[in-house]
Amino acid sequence: MTTKPRQRVEENNGAKRPISITAVVDCVGVLATGSVHGQLYLYDTNKAGGSTGFGTEELRTRVRRGDQLLWNVLALECEAYVSIDDIVVDREVCEPERRVYPGTDVAYWIATVKKDGITSVPYQIKFKVGTRTEAFTAPVSASLVG
């Protein structure tokens with residue numbers, strides 16, 4: 001009996017997967033210092049595409065027009081609460097909006113890049129941490145680069 005190698009099916013019929021941007025927040029550190037500075041670690045899934053600054057507050061995500069961006073957040077401590085309250089970015093480049101995975105209360109933010117050839121567009125992420133009602137804003141901006 002011979003076996004034939006299985007032919008690869010192009011993932012999503014050739015559609016590009018979104019660039020996921022994950023913020024890991026040290027919630028205990030944020031609540032102790034009153035600041036996100038030094039307590040935030042950013043990563044994305046576009047290292048092969050040229051993104052840099054992984055694990056820092058200054059992540060530079062390489063994007064092109066039509067790229068779909070998906071932001072999510074994780075707490076460094078499993079029992080801590082953190083969520084993204086807002087993403088402040090030039091609305092001519094992209095307009096992030098909050099969504100929830102169907103059937104859950106798990107939220108994420110999504111946007112589509114509108115322009116090609118941008119040089120550097122900084123943005124800030126605002127976080128809700130623990131039981132505090134006011135949002136904490138990351139002081140150093142991550143950026144989208146073309």
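Reader: Hi! What is the strand order in the open sheet?

Author: In this predicted model, the open sheet has five strands in the order β2-β1-β4-β7-β6. The pairing in that sheet is mixed.

Reader: Which strands stand at the edges?

Author: Those are β2, residues 40–44, and β6, residues 97–100. Each has a single partner strand, so one side of each is left without a neighbour in the sheet.

Reader: And what does the twist average from one strand to the next?

Author: The average is 25°.

Reader: Let's stay with β6 for a moment. How many bridges join β6 to β7, and do they run parallel or antiparallel?

Author: Four bridges join β6 to β7, which covers residues 107–112, and the two strands run antiparallel. For one pair you can look up, take E97: its bridge partner in β7 is I110.

Reader: Nice, I'll find that pair. Changing topic to cysteines: how many disulfides does a search of the whole structure find?

Author: Zero disulfides turn up in that search.

Reader: OK, what about C78, buried or exposed?

Author: C78 is exposed, at a relative accessible area of 77%.

Reader: And C94, buried or exposed?

Author: C94 is buried, with a relative accessible area of 0%.

Reader: Now for charges. Where does E57 lie?

Author: E57 sits in the loop between β2 and β3, the latter being residues 60–62. The residue is buried and yet has no salt bridge.

Reader: Which side chain of opposite charge is nearest to E57, then?

Author: That would be R60, which is 14 Å away. A salt bridge needs the nitrogen and oxygen to be within 4 Å, so R60 does not qualify.

Reader: So what does the side chain of E57 have a polar contact with?

Author: H37: a polar contact of 3.1 Å joins the two side chains. There is also the backbone of G38, whose nitrogen lies 2.4 Å from a polar atom of the E57 side chain.

Reader: Thanks, that helps. How many salt bridges does the count come to?

Author: The count is five. One of them pairs E92 with K115, with the closest N and O atoms 3.5 Å apart.

Reader: Where are E92 and K115 in the chain?

Author: They link distant parts of the chain, 23 residues apart. E92 is in the loop between β5 (82–88) and β6, while K115 is in the loop between β7 and β8 (120–129).

Reader: How exposed is each of the two?

Author: E92 is exposed, at 53% relative accessible area, and K115 is partly exposed, at 35%.

Reader: What does K114 meet in a salt bridge?

Author: The K114 side chain meets that of E95, at 2.3 Å from N to O. K114 lies in the loop between β7 and β8 and E95 in the loop between β5 and β6, so this pair ties together parts that are 19 residues apart in sequence.

Reader: Are K114 and E95 buried or exposed?

Author: In between: K114 counts as partly exposed at 38% relative accessibility, and E95 is partly exposed too, with a relative accessible area of 44%.

Reader: One last thing: which residue forms a salt bridge with E134?

Author: R132 does, and the closest N and O atoms are 2.7 Å apart. E134 is partly exposed, with a relative accessible area of 36%, and R132 is partly exposed at 35%.

Conventions: Residues are numbered from 1 along each chain as its sequence is written. This is a predicted model: local features need pLDDT of at least 70, side-chain atom pairs count only at pLDDT 80 or more; totals for chains, interfaces and linings use all residues. Side-chain values use heavy atoms; hydrogens and water are left out. Two strands pair if DSSP finds at least two bridges between them. Axes are lines fitted to C-alpha atoms, for helices over the stretch in contact, and angles run from 0 to 180 degrees between N-to-C directions. A disulfide is a pair of cysteine sulfur atoms within 2.5 Å. Buried means under 20% relative accessible area, exposed over 50%, partly exposed in between (1.4 Å probe, protein chains only). Lys and Arg count as positive and Asp and Glu as negative; His and the chain ends are not counted. A polar contact is a pair of N or O atoms within 3.5 Å; within protein, one must be able to donate a hydrogen and the other to accept it, and residues adjacent in sequence count only if both atoms are side-chain atoms.
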